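Please look over the model shown here, and then follow the path laid out below through a few of its residues. Where does each one sit, and what surrounds it?

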Amino acid sequence: MTAIDFAAGEERKGFKLLQYLICLKGILAREGLRYFSQKERFVSSLVRPLLWLFIFAAGFRQVLGVSIIPPYQTYVLYEVYITPGLCGMILLFSGMQSSLSMVYDREMGNMRILLVSPFPRWFLLASKLLAGVAVSLVQVYAFLLIAWFWDVKAPIAGYLLILPALFLSGLMLGALGMLLSSLVKQLENFAGIMNFVIFPMYFASSALYPLWRIQEASPLLYKICLLNPFTYAVELIRFAFYGQIEWFSLAIVVTVTLTFLGGAVLAYNPARGLTIRKQEMGASN
Amino acid sequence: MKSEARSSEIHSDRGRAGPAALELASVSYSYGERKALDEVSFSIEPGRFAVLLGLNGAGKTTLFSLISHLYATRHGDIRVFGHPINRNPGDALRRLGIVFQARTLDLDLTVKQNLFYHASLHGIGTRSARQRIDELLQSIDMSDRLDDKVRGLSGGQIRRVEIIRALLHRPSLLLLDEATVGLDIKSRATILRDIRRLVDEKGISVLWATHLIDEVNHADQIVVLDKGRLVADGRASDILVRTSSDTINQAFSKLTGIVDIRSGGKS
């Protein structure tokens, strides 16, 4: 190092595309390292959907018959029906968990290191989001692999075709988590959000039962399910398994993703005040 | 400009025509009703070691959060080498190295992983980052800890790694918020010596926030905050004269006590 390296006169402006990629790669690598250095976290994220598949679905299939509805062309086992929903559940939990880690990071100060990077803030947050989605995709495929051995199978091509659907749904749920994390002041409050967001989103959707069944049971619940963006994420994944694009779901998921993402970037913009409002709590002076 | 007149009074031996390393003009900040900073203006010339003195609650951390763009400056103006932090945060932040009061390394990752992460946040590629990390770690005799998890390091070592991290992107201005709090005497001395050496040898500018008065040298610029207000700004030796004090400790007590003596240049 020489004194010139630190000289102030040297004009440094903007970043090249390559530097954006370096930054994105760095954020992805950190998220991956953090995730895989905690083996318990990986295992527990797999156990949850597997319990649903092995126990809940096995018990429930006797109670609930699923008739032939698109995209299925034959009667399917209940396990097959809920697999897309469980993929969605992994993405949902993962999206909320990475936003939980953002609240944690903020309390611990790690978030500051990200936010004082000279890259544009939208880019930093989007990279952080992508990193979270990448980690959750690994979880989904690990789950599908185990399900395969449990004889819950979809057409081989389907496993590739769901990738874009999973990715989009992951973005949507991650962006929602990020938005929530910016609104939550402290870690303790987050448990409430988990109960008030994750469970209602999961249960009031087409993840566990087809919507026509819900309609028969309760027209009100049916309407709630139709308003729940998670329903469309699940349907997008379900149809993708069989090589079909559910255009309406796709449109909803894309729109909601953009909305949540925009909200999250605004919420983390210091000039907008949301960050300030919650930082009052932590600031000691 | 008012602040220029004042900083020339400090007669920087490295004085140059370019913009100040850091310039604050009438910066105020409130948490709701409570005013954390009230019309704070001062500047630091390039290549100077400036100490920001204040008791806990004086507004030091708020000031740091504003300079590092974690909070938006709504009232007043902050510039880093002429780049306004509000309108052009990217250009200001890339010239800024920051060591926060709270520990901000990832405890479960290794020293190397933490440093590479930071390098990537500044768009520094692997090869260049590796070279810089090696050089910097050597300079603090910690090359052998590269692959250790941060959790296994001592408090002083963690601080030194954080300082290395703040220097990776070769900033021109280094901010340190209570960098030596909670460390033993030896670590404190080492860190302070290293930072002073950076100022002398590399011409880097430093804003060193502390409430530990024994860290101040007579030649340093000191900026004293008291309950969010600037009560003194100037060379430590001048402030001793102005407050008719024998020690900086005494001067500080007078400044933060009843007597309010602002630096001479200020009207």
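In this predicted model, the loop that runs between α6 (121-149) and α7 (156-183) of chain A holds Asp151(A). Although Asp151(A) is not a glycine, its phi is positive, at about 75°. Asp151(A) counts as exposed because it has 9 C-beta neighbours inside 10 Å, and a residue is called exposed when that number is 12 or fewer.

A positive phi also appears in chain B, where His69(B), again a residue other than glycine, has a value near 65°. His69(B) likewise belongs to a loop, the one between α2 (60-67) and β4 (75-80) of chain B. Is His69(B) buried or exposed? His69(B) counts as buried, because 23 C-beta neighbours lie inside 10 Å, and the cut-off for a buried residue is 20 or more.

From these loops we can turn to a helix, since Leu115(A) is found in α5 of chain A, which covers residues 110-115. Leu115(A) is buried, because there are 21 other C-beta atoms within 10 Å. Which residues does Leu115(A) touch, once its neighbours within four places in sequence are left aside? Leu115(A) is then in contact with Arg121(A) and Leu124(A), and also with Leu70(B) of chain B. As for Pro70(A), which stands 45 residues from Leu115(A) along the chain, the C-alpha atoms of these two residues are separated by 45 Å.

Conventions
Residues numbered from 1 in each chain as written. Chains lettered and ligands numbered in written order. Predicted model: local features only at pLDDT ≥ 70, side-chain atom pairs only at ≥ 80, totals over all residues. Helix = DSSP H or I, 4+ residues; strand = E, 2+ residues; numbered from the N terminus. Contact = placed C-beta atoms within 7 Å.
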